[in-house]
Amino acid sequence: MFKILVIDRCYFTRVGVESWLNQPDLFPASFLVTGLHNLMLAKEHIVQWQPDLVIADLHGFKNEIHHIQQLASLFSVCSDANQVLLLESGIDAQLSGFYAQFKICATLQKTEPLEKLAQVIDDIVLARPTRSIPQMATPLLTKQEEKVLTLWMEGKSNQSIAARLSINGKTVYTYKRNIRMKLGMGNRFTPFLSLPENSN
């Protein structure tokens, strides 16, 4: 059983890749696949879950990254045990130069045929030892905490988050505290330290 983490801004890509990887008889190995759309959650997931392969389109996050520090932080938790395959939706000279610092097993554009992607994944999987005991992924945050974090990162107020999720404002505060503890955030401003500065 091989564990694969898909990091992509696009919901449809995450679900599509997960469904494609889980097709019977397509690959010689079976996969346990998880998809995420948040770089902070992805970093924590890599640390906790230790996927064999990380498939990421980081181009979609480029406008959110104030400095390349957030990406460097993500790559810093990847070891030789976590192969990284970039499946990019765009070409960017700055990101390409940044990627050169890190061990990336392959880079493909999303426009490449699925057969080519399948061959690259096969090559990566066949080069790795098989896990004898499947390990189930345990989400770091609950679904509700993920919703709160997403709205929080969008700059919504506690009252706005509470109204959107039909919960009490004090409950939002509790969710935020739990999120900070689980993600090891120093204070309530930590999620915003790597966001771009407002140019207005």
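**Group meeting: pocket, cores and a strand pair**

Good morning. The largest pocket holds about 530 Å³ of space. Of the 20 residues that line this pocket, Thr 34, Gly 35, Leu 36, Lys 143 and Glu 146 are the closest to its centre. I should say at once that the model is predicted.

Which elements supply the lining of the largest pocket with at least two residues each? They are α1 (11-21), β2 (31-36), α2 (39-49) and α6 (143-153). By character, the lining comprises 9 nonpolar, 6 polar and 5 charged residues.

I turn now to the interior. In soluble globular proteins, nonpolar side chains tend to be buried together. In this model, the largest nonpolar core has 35 residues, and Ile 7, Leu 58 and Leu 149 have the most contacts inside it. Helix α2 contributes 6 residues, the largest share of this core. Another core, of 22 residues, lies apart from the largest one; among its members are Val 17, Leu 21, Leu 85 and Ile 121.

Finally, I come to strands β4 and β5. Strand β4, residues 83-88, pairs with β5 in the parallel sense over 4 bridges. Leu 86 stands opposite Thr 107 in β5. Together with helix α4, residues 93-99, the two strands make a right-handed β-α-β unit.

Which side chains of β5 are buried, and which are not? Along residues 106-109 the side chains alternate. Ala 106 and Leu 108 point to one face and are buried, whereas Thr 107 and Gln 109 point to the other face and are not buried. Thr 107, then, is both the residue opposite Leu 86 and one of the β5 residues that are not buried.

Thank you for your attention.

Note on methods:
Residues are numbered from 1 along each chain as its sequence is written. This is a predicted model: local features need pLDDT of at least 70, side-chain atom pairs count only at pLDDT 80 or more; totals for chains, interfaces and linings use all residues. Side-chain values use heavy atoms; hydrogens and water are left out. Buried means under 20% relative accessible area, exposed over 50%, partly exposed in between (1.4 Å probe, protein chains only). Two strands pair if DSSP finds at least two bridges between them. A crossover is right-handed if, with the strands pointing away from the viewer, the path from the first strand over the helix to the second runs clockwise. On a 1 Å grid over the protein atoms alone, a cavity is a set of points where a 1.4 Å probe fits but cannot get out, and a pocket is an open set with protein on both sides within 12 Å along at least five of seven lines; lining residues have an atom within 4 Å of a point. Grid points are joined across faces, edges and corners, and a volume is the space filled by probe spheres set on the points. Ala, Val, Leu, Ile, Met, Phe, Trp, Tyr, Cys and Pro count as nonpolar, Asp, Glu, Lys and Arg as charged, and the others, Gly among them, as polar. A nonpolar core is a set of buried Ala, Val, Leu, Ile, Met, Phe, Trp, Tyr and Cys residues joined through side-chain atoms within 4.5 Å.
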